Amino acid sequence: MKNYDVTALGELLIDFTENGESSQGNPLFEANPGGAPCNVLAMLSKLGHKTAFIGKVGNDFFGEQLKKAITEVGIDSGYLLKDDEVHTTLALVHTYPDGDRDFSFYRNPGADMMLTENEISEVVIKDSRILHFGTLSMTHEGVRAATKKAIRIAEEAGLLISFDPNLRPPLWKYMNEAREQILYGLEHCYILKISDNEIQWLTGKTDYTEGVEWINERYQIPLILLSMGKQGSRAYYKGRMVEAAPFLQENTIETTGAGDTFCGCALHYICENGLENLSDEDLKQMLTFANAAASLVTTRKGALRVMPEEEEILELLNK
């Protein structure tokens, strides 16, 4: 028996999200805890799973806030390190009227980039069932080496590996380098969560199924989960495709964290049921639950601290 269901590695940062205007007409920003890997873990923790996070923040006010936040939501913060020289990474999130957003990062450098190979804990990875990662921990040489070491440990220990590219073009000096690291992730994962715009950019295919076929011709990934925003989601598994409709909310505020919520719910299903012999009905159930949860988080500011309860998700499904 493992002590952790899912351990994630990567960025933990402050998302400054717009929250109205001052009396002088200046935009006001709220400092929300964020970072895709910890958003995924926060959803898993809400669903009763034991989770741990490997990463680095600055030894500053925001770093302390982030450690407190992930501890509060049930993520083991014992493997979160602090950097005395480099400040916690910040992201400013501009939200459009339809809830979509743009990011501006303050990360040159940021503390999440400073994680090194020798700071990766073999103990926590080997004591986990699933390792989850993305590409923000692969944008620079040092943290990239740390990420690849974690993947090697996970492979040698027989873990399932989950990968979400979570492409953020402003963080890459060259987009061909981003592509190279995403392809590395595809080569080493069993579960891929990818968005509609990411698969089109990566494969050059406008048709999503053609894009998945492009991936599977090169990498044999057992489960590919495609998030399509207002179009819902799909699962591609052993030559089959299952699609689930979205839950569209009238009171959507922003979409930050929706994909991470979806991913956390999918990993919850895998933790409960495994990755073998999934039927179309199983896949539909997984996607529908994940779509419902993702829709709920779009009605809230931030993500990490406001993941929906299982009861809320089931209530929405029952409607």
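**Notes on a predicted model: one residue, one cavity and the cysteines**

1. Once its neighbours within four places in sequence are set aside, Asp15 is in contact with Glu30, Ala31, Asn32, Gly34, Gly35, Ala91, Val93, Phe103 and Thr256. Please keep in mind while reading that this is a predicted model. Asp15 belongs to strand S2, which covers residues 13-21, and with a relative accessibility of 7% Asp15 counts as buried, because the cut-off for that word is under 20%.

2. A second residue to look up is Ser137, which sits in the loop between S9 and helix H4 (141-156). Ser137 is buried as well, its relative accessible area being 3%. If neighbours within four places in sequence are again left aside, the contacts of Ser137 are Leu9, Gly10, Glu11, Val143, Arg144 and Thr147. Of these partners, Glu11 deserves a look on the structure, since 126 residues separate Ser137 from Glu11 in sequence, while their C-alpha atoms are 6.5 Å apart in space.

3. Glu11 also appears in the next feature, the lining of the largest cavity, where the residues are Glu11, Ala36, Pro37, His132, Phe133, Gly134, Asp164 and Asn166. Two elements, helix H1 (36-46) and strand S9 (128-134), each give two or more residues to this lining, and the largest share, 3 residues, is that of S9. Sorted by character, the lining residues comprise 3 nonpolar, 3 polar and 2 charged ones.

4. How many cavities of 30 Å³ or more does the count give? The count comes to 1 cavity, and the space in the largest cavity is about 30 Å³. For a reader new to such counts, it may help to know that rolling a probe the size of a water molecule over the atoms shows where empty space is left.

5. Why is Cys38 in no disulfide? The closest cysteine sulfur to that of Cys38 belongs to Cys263 and is 13 Å away, which is too far for a bond, because a disulfide needs two cysteine sulfur atoms within 2.5 Å. Cys189 is likewise in no disulfide, and its nearest cysteine sulfur, again that of Cys263, lies 11 Å away. For the model as a whole, the count of disulfides comes to 0.

6. Are these two cysteines buried or exposed? Cys38 has a relative accessible area of 0% and is therefore buried, and Cys189, at 5% relative accessibility, counts as buried too.

Key
Residues are numbered from 1 along each chain as its sequence is written. This is a predicted model: local features need pLDDT of at least 70, side-chain atom pairs count only at pLDDT 80 or more; totals for chains, interfaces and linings use all residues. Side-chain values use heavy atoms; hydrogens and water are left out. On a 1 Å grid over the protein atoms alone, a cavity is a set of points where a 1.4 Å probe fits but cannot get out, and a pocket is an open set with protein on both sides within 12 Å along at least five of seven lines; lining residues have an atom within 4 Å of a point. Grid points are joined across faces, edges and corners, and a volume is the space filled by probe spheres set on the points. Helices (H or I, at least four residues) and strands (E, at least two) are DSSP runs, numbered from the N terminus. Ala, Val, Leu, Ile, Met, Phe, Trp, Tyr, Cys and Pro count as nonpolar, Asp, Glu, Lys and Arg as charged, and the others, Gly among them, as polar. Buried means under 20% relative accessible area, exposed over 50%, partly exposed in between (1.4 Å probe, protein chains only). Contact means heavy atoms within 4.5 Å.
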